[in-house]
Structures are given as C-alpha cells and as structure tokens.
Amino acid sequence: MADLLLELLSEEIPARMQAQAAKDLQRLVTDKLAALDLAAEASEAYVTPRRLTLVVQGLPARQPDRTVEVKGPRVGAPEQALAGFLRSAGLASIEACEQRDTGKGVFYFAVNKVLGRPVIDVLAEVIAEAMDQLPWPKSMRWAGHDVRWVRPLHNILALMIDDAGSTVVPVSWALDRANGGSETLLANDRTRGHRFLAPDEFTVTGFADYRAKLAERFVVLDAAERKARILEEGAKLASAQGLVVKPDPGLLDEVAGLVEWPVVRMGAIEPKFMDLPAEVLTTSMRTHQKYFAVETRDGVLAPYFIVVGNMVTRDGGKQMVAGNERVLRARLSDAQFFWELDKKTPLASYAGRLKERIFHAKLGTVEDKVARMALLAETLCPFVADAEPRAARRVVQLAKADLSSTMVGEFPELQGIMGRYLARVQGEPADIADAIAQHYSPVGAADSVPVAPLGIVVSIADKFDSLVGFFAIDEKPTGSKDPYALRRAALGIIRIVLENGLRLPIRTLVARAHALLPTGGSYASATGVADALVEFFADRLKVYLRDQGIRHDLVSAVFAQGGRDDDLVQLVARARALEGFLAADDGANLLIAYRRAFKISQIEEKKDGTLYRDPVDTAKLVQDEEFALAGSLDRIAALANGRLAAEDFVGAMAELAKLRLTVDAFFDRVTVNAEDRDLRINRLRLLAQIWTTLNQVADFSKIEG
C-alpha cells in the first residue's frame, strides 16, 4: 500500500475560499482515483493561507488488470463498418473478435485485457487534472501565463510514500499552455515554511515529517489547531483582566485563515469611545480590523480587544498592539463624529431623503417602498395580536430612515440598529425604537425572529413587499442566483409565522401587496404571483421542516391535498399529525392498503379507459366484507371531516386508522375483478372510495418508502 502527500503552495488564498478549496481538492483527487480502481482507505485535507495540503492513505500499489469489452457491428455488416470498428478497437483482424448472440442478432465483440498501471503514474495524471478542475469562485492569471489559479502558484510538493521510501510523483502543470508549456511547474519533495520567519526551502519524506518540519518553521498546518490556539491564548489574556472574549465563530474561522502562526495580543480602547453604541464598537473592530471584542462576565462590552498577528517580534508584540490601537482610534474617532452628527438630526427628517434612493427601477424609490409597507402593515395588524395600526405606521415611517444617516453610510451593517439608537435618544417609545431594528430580522438562520407585535408586522410587510414586487416584475431567484435575497425573505416570513403561531392568509396578502405596486408598470397578474409565491413558500417550508426533522414527502403530501395551501401553521400541523400517524402500526398498515387500492384503481381505470369514482351502489354489495367496508368508509369519512373542520388533525388521523381492519378483511376475502361486470365496477368504486377518503388529510400517493 502507498500514501500520497500533496501540497500546493501559492500566494495568500482569501480566507473565505480556503475551506471549500480543501474539500474540493480532496473530492476531486479521491473520486478520480476511485473511478480508476484505486480507492483509498482514508484521506485528509488541510489548508493554511498559503497552502492546500492533501494526504491520501492506503492506496493500492497499482491498478488491477481488467478486461474491456467493446460491442461492434453485427456479423455480416459491410466491410467499411468492420474496418472502422477494428481501427477504434486497435485490432488488426476481425478474427480477433468474439461473436456473441445478444438475442437481437449475432454481434462482434472486441475483448481486450488492459494491464493495470503503477499508482504513481496514475497519480501524476489525476493530480494535474484535479488542479485544472478545482472550482475557484475567482481566479487570476499572472506573469504572462495563461493558466488560472486563485493566486500565483509557486510550488507543487507531491510524494508517494511506500515501504521503499518516498518518491516524487511526476506531476507536470504547464503555466503557459498557449505556447506549448515552455514554463511548467514540476512536482518535487520541497516546500517552504512561514513567509517571513522561515522562508528557506526544505525537503520532506512523508506526512509526519512534513507536519513536524512545518511546525518547526512557524506553520500550524491544521486550521482547527490554529483556532484552538487563538481561543486559548485570547482567553488567557482576557482572563488576566477578569474578562472573557466574546464568542464569534465566523470571525474565528476568518482569522484562522489569515495566519499560519497565530500570535495573540490584547489592545485597549480609549475610555472616551466607550460611550458609542456597543454595535458601533464591535462592528468597527470586527468588520474592518478583524479584532475580537472583550466583555465582562455579565456580557457588557469592555474597553479591550483581541488582535491576532502572524509574526513573532522581539518586543513581544508591543509595536503591533500600538499600531492596531492607533488604527482603531482613527476609526472610532470617525464613528464618534458621525454619531454626534446624526444625533443632531431628527430621524424623521432622514426619511425625506429616501426619495433619492432607488429601490428598483421598476419598483420605485425606497420612499415608495415605505409607503407600500405602511399600507401593508395596516392590513397585517388584524392578524397579529396587540398590533396597533397607528404605531405600526410610525415604525414604518422611521424604519428605513437611518439609511440616510452618516453612520450607516460608513457602516452599512448597522442599518436598523442605528435607527433604534437614534429613535431612543430622540424620544421615540421603546417599542417603536425596537421594532425599527427588528424589522430586518431574521437576517440569518442563527438570528432570532421578532416576537413583539410591531416588529412582527413591519418585518413581514417589508419582506412581503419585496417578494411580491420582484415576482411581479419577473426577477425571481434562478438556480444559485438570488440577488435580492428573496429566499431569505421567504424563510424569514415562514419563521416569523410559525414561531409566533400566526394564521396569515398568504394569497390575500399577496393580492393586497400586488395592488400597491406603482401604477403604470408591467406586472405578472396577482393570481400568477400568488400561485408562484405559494409554491416558493412550499419549497422553502420543505427545507425549513427538513431541518426540523420532518420528511419532505410528508410536506409534499399535505401541500398536494389542496385546501388552505397558504396557511403555513395549518400545513405544518397537518404534516406533524401525518408523521405521527404513519409512525404507528395502524397508520403504516393503512398506507400499504392505500397503495394497494390506489394501484389497482390506476391499473383498471387505465385498462378500461374510464374512471370509477361514482358513489358505491349499496344494492350491489354482496359479501359481508363489502358491506362492512362501505359502512365504515361512510361513517369514518364523516367523522374525519368533522375533525378536520375543527383542525383536529391528530383526531382525524385516528379516525382514519379505524379503517384498517375492514380494509384488510376486504382485500383478504373479496375478489375485485369479479366476472360479473356490475359487481366488478361497484368494487372498483369501493377501492376508489378508500383512497379518496384517506386523501382528505393528505395525498398519500406522494408519500415515499
């Protein structure tokens, strides 16, 4: 068995691309090897700012020999066809082929035995192909070469390690292919350490040797180890001041992708800046400087920050800390100036500037959007307990105003947040100020949803206006593209509705939002937009419920049943009841009976070219089992309907479960396809009644498994 060590050394790879690039390299190489009968026992990928590293373990020494068969023309085919086949198969004579009767005639078959190649030869080709196919989000050319890579690639370390030792895999990667590859990177057994602390080349003989030598040369190969070191050293520094580092997994991932040798230091924030809103401080530190915020154990922002460098310095990092404090001081001075300036201007007066901001060329200005949101919010108030229309209008009037403030102009991430601060310092009630900030929520899967009435109403109004507007002008998300974040908006509404238990009629709201669109525009019809949006919500709901553990086919079954397909709370309740029903023996067995009845109905109706959906003729029932089933169906359908009308979906399922014994007895003792024509038709109607009765709660034909 053999192992592979591969390292691609380049200029700094953007942190946001690193993890996916490592996964892609691992996938490409191992999949290609497996397709060539060289499946590995294990593989691991690593990434630092400058290097992608892949370790593949347990490779066979060579490919197994295999037999390749190629089907040729029929025996007796024209000479021209035979000659072409022999050329493509690499054979000199047709006598070298086998003749086989395939059942559709006798054909020639070329049977070649292909000898397996040594793994090192295969690796050279596979690595070069994987490098060509690595899907970078953005790539570049450099130094006049025509090949593309995320950043200039400097070296390829590729070693095959087996019992005989290590051997360089002969990878060749041309940099200037248009010129025939006169400049080519050739793999070797060398690499370099930290760019500044240990830049000299060194050789390696295997992965353990490689990893150890990198560590000696100030490179921590494993990103998880770099993150652990940042957390541990940051916690020590904060703890020395009786403080803690504010958790920030996203920033930790990014910073670990910026350094090969994390050096953690603590800096201080001048006290005069601590009067700024906490979000201003943390955004200035996090977004622009990649600093970690430090808090008291009670969660109050402390006048310190954690900075992570990539250099060991003789002064213990004093200059690094001083430099970062100086940069932060300049940014916070600007923020302080903006904050004092913004406070002097009434928030409502900022709203007047929204007419200068285009929301979309076909949907008007942000001021137009705000006007639509106000009317839509009034429509929503009756569906949200304690939502007062006048207060909702006030929130809408101020919700987008901070977009024109200087602070949001400098820190766009603070939209809504600055609106809340300005509203509070300018005397607006707390519920209105809070709703201004909450109307953007949820901004991600980890973000909380609004729970206060005003926040709920304005958040839904904002998202509904965007969804209806962009669907009406045919700017719907396509494939992986969603430039207006409409999937996030729909998922946000779903979360707000479900987590607050709101009974919103989506089609009614779509019609209202559609009627508010700017006059004179060319829009899809309100009905068309409603149908498209209900389907859009259904798809998003499936994703949301899948994360909650509910099967997607159950959601499809509930949606396919029709009825109130725009009441998300009711749909989810039905899906959960269906899940519980099928988890029990009676439900699972009834599903089997449903499928049997449905399949027989489909086959017989197709064969006869007619539908057997008319009511059962009780005068033509013969056997006891027929009488029992017909009676049960009528009685239980009525009971289930009553439960459904009361939205007792669990109760409706329980009623349906009572059908199991009579359905089983019917299938055991009654012959559906009786020789008597009238008897057969009546029994087929009885079968149809079984599955139409069950379909009252969900389309069981959509259920998988």
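In the predicted model, the axes of helix α22 (residues 624-645) and helix α23 (residues 649-657) approach to within 8 Å and cross at roughly 170°. Because angles over 145 degrees count as roughly antiparallel, α22 is classed as roughly antiparallel to α23. On the side of α22 the contact is formed by I636, L639, A640, R643 and L644, and on the side of α23 by F649, G651, A652, E655 and L656. By residue class, this contact of α22 with α23 comprises seven nonpolar residues, one polar residue and two charged residues.

Another helix pair is formed by α16 (residues 486-500) and α18 (residues 526-547), whose axes come within 9 Å and cross at roughly 70°. Since angles of 65 to 115 degrees count as roughly perpendicular, α16 is roughly perpendicular to α18, and the crossing by which α16 passes α18 is right-handed. Helix α16 contributes L486, R487, A490, L491, I493, I494, R495, L498 and E499 to the contact, while α18 contributes F536, F537, R540, L541 and Y544. The residues of this contact of α16 with α18 divide into ten that are nonpolar and four that are charged, with no polar residue present.

Helix α18 also takes part in the surroundings of helix α19 (residues 552-560), in that the elements covering the buried residues of α19 include α18 and α20 (568-583). Seven of the nine residues of α19 are buried, and the helix is therefore largely enclosed by the rest of the structure. The buried residues in question are D553, L554, V555, S556, A557, V558 and F559, where burial denotes a relative accessible area under 20%.

With respect to nonpolar packing, the largest nonpolar core contains 140 residues, of which M407, F464, L467, L533, L578 and F700 touch the most other members. The greatest contribution to this core comes from helix α15 (residues 453-472), which supplies twelve residues. For F464, the residues touched are L376, I493, I506, L509 and V510, when residues up to four places away in sequence are not counted; I493, one of these, also belongs to the α16 side of the contact between α16 and α18. A second core, separate from the largest one, consists of 44 residues, among them L8, A22, L25 and V122.

How values were computed: Residues numbered from 1 in each chain as written. Predicted model: local features only at pLDDT ≥ 70, side-chain atom pairs only at ≥ 80, totals over all residues. Heavy atoms only, no water. Core = buried A, V, L, I, M, F, W, Y, C linked by side-chain atoms within 4.5 Å. Buried < 20%, exposed > 50% of the residue type's maximum accessible area, 1.4 Å probe, protein only. Helix = DSSP H or I, 4+ residues; strand = E, 2+ residues; numbered from the N terminus. Contact = heavy atoms within 4.5 Å. Axes fitted to C-alpha atoms, helices over the stretch in contact; angles between N-to-C directions. Parallel < 35°, antiparallel > 145°, perpendicular 65-115°, else oblique. Left-handed = near helix turned anticlockwise from the far one by under 90°. Nonpolar A, V, L, I, M, F, W, Y, C, P; charged D, E, K, R; others polar.
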